[in-house]
Each structure stands twice: as structure tokens, then as C-alpha cells.
Amino acid sequence: MQATTESFTSVPEDLIIRGADIVFMTDDGAKFHVHAYFFTRESVYWQQKLTGHNEPHHPLSKRYTPNDPYIIQDVDSRDLRKFLCVFYNTRYGDYSFFSKFDWIDILSIAHKWEFPQVKTLSKRYLGTMGYGVVERTCGVHCTRIVDDEMIDRSYPNQVYLISCGHEI
């Protein structure tokens, strides 16, 4: 989900973190040299994708390098940079540089990739900005976030996180 405002300060095209043990690449060719630890510790989705197991602390089943990166097709590079700033934030605990649109993008990724702690963090920050998050399930598998100001009764704005079975 692409934010409609310019609130997030971009980082250089390729993100290279010292000591990184995995390289992700988005469809636009941007590469992200990061630590698989955050992905396998926080997300069952990534534990399965990267280690073949459903618990953290297993070694990666394959080495992903700059010449052979893990290709991410469902998230664009701008949104992935936002998501990674949750883990690689130079101002510990201060996420004031994110707008509501940034948090919606982060929430979308956290939901899609099964990062429960990041999802909780996103909901908390959206709540401080006057947004509630309502989750609905349609019974099949895909993810969509809808911003709808007309239905909410307890917040000025509502963010709907909808899981259903078809691509939107």
C-alpha cells in the first residue's frame, strides 16, 4: 500500500546494515541487506519461508546474497523501508517521523507477514493519532486495509484490516 503523502524520509536506494545475513530485493531492484534474526524471531511466516520451521532460532535453509537475493514481490521498496525502520530506528522508541499513512503501510505488512508485535505497535500509534483498527475475515486469504471515516463510532477515523481469499 503506497502512502499518499510524503512523510517518511527516504534512505539510500540500497539499505546495507553491517553484519547482515540476508539480502532482500524488491521488484524495483532495491536491495536490503538486513538481519534475518528479526524476521525469524518475530514472524512464523518468515520462519517458514527462511528456515522451513515454525519456531525461531533455526539456521536459514538457503543463503541469500547480493547476487542471489530473496525476491519480495508483494511489498514495494518504499514500504519495506518504512517497515524496516521499526527495527532499525536510530531514535529508540521514537517513531514520530511516521505519519498515519506510514503506520497504515507498516500495519499492512505486519498483518500480511504475521508480525504480531509490529502489528500491535502500529495499532497503538494509529490509536494515538485518532484511528481505530478493525479486523474482519471474509474466510479466504489476502490482505487489504481500508481507511473509512464513515463507520467508526469511537474514533474520528477507522482503519479496516480485511483478510479474504482473493487478490484485491
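# Exercises on a sheet, its helices and a core

Thr 26 has Ile 72 of S4 opposite it. Strands (E, at least two residues) and helices (H or I, at least four) are DSSP runs, numbered from the N terminus.

The model is predicted, so local features need pLDDT of at least 70 and side-chain atom pairs count only at pLDDT 80 or more, while totals for chains, interfaces and linings use all residues. Residues are numbered from 1 along each chain as its sequence is written, and side-chain values use heavy atoms, with hydrogens and water left out.

## Exercise 1: the sheet

Task: Give the order of the 4 strands in the open sheet, and find the strands that stand at the edges.

Solution.
1. Two strands pair if DSSP finds at least two bridges between them.
2. S1 and S3 share 2 bridges and are parallel; here Leu 15 faces Phe 32 of S3.
3. S2 and S3 are antiparallel, with 4 bridges. Ile 22 has Val 34 of S3 as its bridge partner, and Met 25 is opposite Lys 31 of S3.
4. S2 (residues 22-26) and S4 are parallel, with 3 bridges. Phe 24 has Tyr 70 of S4 as its bridge partner.
5. The order is therefore S1-S3-S2-S4, and the pairing is mixed.
6. Strand S1 (15-16) and strand S4 (70-72) are at the edges: each has a single partner strand, so one side of each has no neighbour in the sheet.

## Exercise 2: the hairpin

Task: Find how many residues lie between S2 and S3 in their hairpin, and which residue in the turn has a positive phi.

Solution.
1. The hairpin of S2 and S3 has 4 residues between the two strands.
2. In the turn, Gly 29 has a positive phi of about 90 degrees.

## Exercise 3: what surrounds S2

Task: State how many residues of S2 are buried, and which helices lie across this strand.

Solution.
1. Buried means under 20% relative accessible area, exposed means over 50%, and partly exposed is in between (1.4 Å probe, protein chains only).
2. In S2, 4 of the 5 residues are buried, so the strand is largely enclosed by the rest of the structure.
3. Helix H2 (residues 44-51) lies across S2 and S4, at about 140 degrees to S4. Such angles run from 0 to 180 degrees between N-to-C directions, with axes fitted to C-alpha atoms, for helices over the stretch in contact.
4. H3 lies across S1, S2, strand S3 (31-34) and S4, at about 20 degrees to S3.

## Exercise 4: Tyr 64

Task: Locate Tyr 64, decide whether this residue is buried or exposed, and list what it touches.

Solution.
1. Tyr 64 is in the loop between H2 and S4.
2. Its relative accessible area is 13%, so Tyr 64 is buried.
3. Tyr 64 and Val 23 are 41 residues apart in sequence, yet 5.5 Å apart from C-alpha to C-alpha.
4. Contact means heavy atoms within 4.5 Å. Not counting residues up to four places away in sequence, Tyr 64 touches Asp 21, Ile 22, Val 23, Leu 50, Pro 69 and Tyr 70.

## Exercise 5: the core and aromatic pairs

Task: Name the residues that touch the most other members of the largest nonpolar core, and classify the pair of Tyr 45 and Trp 46.

Solution.
1. A nonpolar core is a set of buried Ala, Val, Leu, Ile, Met, Phe, Trp, Tyr and Cys residues joined through side-chain atoms within 4.5 Å.
2. Of its 39 residues, those touching the most other members are Phe 24, Val 34, Phe 39, Trp 46, Phe 83, Trp 113 and Phe 115.
3. Two or more residues each come from S2, S3, helix H1 (36-42), H2, S4, H3, H4 and helix H5 (116-128).
4. Rings of Phe, Tyr and Trp (its six-membered ring) pair if their centres lie within 6.5 Å; planes under 30 degrees apart are stacked, over 60 edge-to-face, and the rest tilted. The structure has 24 aromatic pairs.
5. Tyr 45 and Trp 46 have ring centres 5.3 Å apart and planes at 85 degrees, so this pair is edge-to-face.
6. Trp 46 is buried, at a relative accessible area of 1%.
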